[in-house]
Amino acid sequence: MINEERICSEFAELVQIDAPCFGERRIADAVKEKLISLGFEVQEDRAGERYGSDTGNLYGYLKGGMSGEPVLLSAHLDTVQPAFGKKAVFHENGKITGSGDTVLGADDLAGVVEILEAVRHLQEEKKSYRDVEVLFTVAEESYIKGAKTFDFGRVRAKEAYVLDMEGAPGLAALRAPSLLSFKVTVSGKASHAGFAPEKGVHAIWVMSAAISRICQGYVDEERDTVLNIGMIRGGTSTNIVPDLCICEGEIRSFSHEKALKQAEKLREIFHRAGQKAGADVRTEFHTDLVAYETAAAAPVVVRFAKACRKLGLSGRLLDTFGGSDNNQFARQGIHGIVLSCGMHEIHSVREYTTVEELKQGAALVAELLQET
């Protein structure tokens with residue numbers, strides 16, 4: 001049985017540490033100390049230096065005593081905003097919430113404590129387990145920047161379980177999308193809106209004309225690609241024909257090739273609108289995530305299904321339109337799946353987990369470490 005009092009205490013301890021993206025120093029120090037106490041050989045890389053931060057990714061290795069290849073377990077240390085002054089509030093029904101004005105931080109501290117408690121539990125029970133590698137990343141919430149800088153040459157595992165998905169333990173995502181972010185800048189010509197509107201080139205109008213031709217949400221009947229323009233800004237005064245308008249958005253697709261084609265289509269629409277009106281248009285695209293799919297017959301999935309059956313969990317396999325560090329693992333040739341770890345209503349002040357789900361998540365990790 002997982003130690004309920006201990007995992008709850010550890011969760012509360014870590015939650016109260018401020019850990020915004022690019023501000024993970026204190027949480028990294030606390031987790032590093034816990035890994036060392038469990039016998040891990042721990043290294044911290046210099047990922048933070050690349051982004052003006054003082055914190056790197058934590059990598060740990062622990063001999064487990066069982067034969068077979070090591071397994072990589074991963075979660076991230078950072079949280080989204082509002083992230084300062086977090087506190088875990090325990091309710092009589094077993095629900096754990098924040099205080100209502102910050103995120104709780106179960107994304108992804110639920111994953112962190114479940115990994116720590118699983119190893120601790122196996123050691124106390126004197127059970128053999130596979131060699132364990134852990135990677136606790138920084139800046140995951142900023143398009144997996146921490147994982148992108150990590151040197152995977154030190155990783156021995158070819159299989160990974162990433163604890164970073166919403167839902168009760170027992171779910172696993174086999175497929176995740178590419179994500180392309182974009183920024184479009186329309187430069188027109190300013191003029192007085194009352195005295196000489198015909199002398200201006202209306203940047204907001206050009207932007208609007210282009211956006212009206214773009215399908216947002218699901219872009220076709222296959223429903224495997226979504227496009228969203230999430231921000232738009234422009235203009236300086238109501239009596240001036242605006243000479244600048246900027247929009248930003250993203251494209252997600254389970255097909256990287258399809259995402260690139262959608263980006264090219266977007267580029268053409270904006271540039272045509274600019275040419276027609278005499279405006280200059282600049283489009284910028286950045287690949288933040290690359291799509292992957294792990295086969296349902298892969299050993300990493302088979303072991304997950306077996307462990308779930310033993311614990312009475314659903315073992316349901318699904319797709320996710322959310323990205324994670326596993327996108328980067330896949331690019332490094334590591335076959336991984338993303339596991340739900342008991343976090344709900346993430347990225348909001350309504351975020352919560354439960355005592356039972358923290359215990360279930362830890363029990364699942366412990367079982368996975370014993371599967372050969």
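## Pockets, a five-strand sheet and some unusual backbone spots

Helix α10 (residues 355–370) gives the second largest pocket the largest share of its lining, 7 residues. Please keep in mind, as you look around, that this is a predicted model. Below you will find the two pockets, an open sheet of 5 strands, an aromatic pair, and a few backbone details to check by eye.

**The second largest pocket**

- This pocket holds about 230 Å³ of space.
- Its lining consists of M1, I2, H121, K127, L311, E356, K359, Q360, A363, A366, E367 and Q370.
- By residue class, the lining splits into 5 nonpolar, 3 polar and 4 charged residues.

**The largest pocket**

- Here the space comes to about 420 Å³.
- There are 20 lining residues, and those nearest the centre are E140, E141, G322, G323 and H347.
- Two strands, β7 (159–166) and β18 (335–343), each bring at least two residues to the lining.
- Of the elements involved, β7 provides the largest share, with 3 residues.
- The lining of this pocket is made up of 8 nonpolar, 6 polar and 6 charged residues.
- If you plan to probe either space yourself, recall the general idea: rolling a probe the size of a water molecule over the atoms reveals where empty space is left.

**The open sheet and its helices**

- Five strands make up an open sheet with antiparallel pairing, and their order is β11-β12-β14-β9-β15.
- The edge positions belong to β11 (217–218) and β15 (280–289); each has a single partner strand, so one side of each lacks a neighbour in the sheet.
- At the β11 edge, 2 bridges connect β11 with the antiparallel strand β12 (residues 225–234).
- Within this pairing, Y218 sits opposite V226 of β12.
- Helix α6 (residues 203–211) packs on the sheet and touches β9 (178–187), β12 and β14 (244–253). The direction of α6 makes about 20° with that of β14.
- Helix α7 (residues 256–277) also packs on the sheet, with β9, β12, β14 and β15 as the strands it touches. The direction of α7 makes about 165° with that of β15.
- As a general reminder, strands of a sheet pair through backbone hydrogen bonds, in either a parallel or an antiparallel way.

**Aromatic pairs**

- Across the whole structure, a search turns up 6 aromatic pairs.
- One of them is F182 with F285: the ring centres are 5.9 Å apart and the planes meet at 45°, so this pair counts as tilted.
- F182 belongs to strand β9 and F285 to strand β15, so the pair ties together parts that lie 103 residues apart in sequence.

**Backbone spots worth a look**

- For context, most residues other than glycine have a negative phi, and most peptide bonds are trans.
- Q81 and P82 are joined by a cis peptide bond, with omega about 0°. P82 is located in the loop between β3 (71–76) and β4 (89–90).
- D107 and D108 are likewise joined by a cis peptide bond, with omega about 20°. D108 is part of helix α4 (residues 106–124).
- K126 is not a glycine, yet its phi is positive, at about 55°. You will find K126 in the loop between α4 and β6 (132–137).

Conventions. Residues are numbered from 1 along each chain as its sequence is written. This is a predicted model: local features need pLDDT of at least 70, side-chain atom pairs count only at pLDDT 80 or more; totals for chains, interfaces and linings use all residues. Side-chain values use heavy atoms; hydrogens and water are left out. On a 1 Å grid over the protein atoms alone, a cavity is a set of points where a 1.4 Å probe fits but cannot get out, and a pocket is an open set with protein on both sides within 12 Å along at least five of seven lines; lining residues have an atom within 4 Å of a point. Grid points are joined across faces, edges and corners, and a volume is the space filled by probe spheres set on the points. Helices (H or I, at least four residues) and strands (E, at least two) are DSSP runs, numbered from the N terminus. Ala, Val, Leu, Ile, Met, Phe, Trp, Tyr, Cys and Pro count as nonpolar, Asp, Glu, Lys and Arg as charged, and the others, Gly among them, as polar. Two strands pair if DSSP finds at least two bridges between them. Contact means heavy atoms within 4.5 Å. Axes are lines fitted to C-alpha atoms, for helices over the stretch in contact, and angles run from 0 to 180 degrees between N-to-C directions. Rings of Phe, Tyr and Trp (its six-membered ring) pair if their centres lie within 6.5 Å; planes under 30 degrees apart count as stacked, over 60 as edge-to-face and the rest as tilted.
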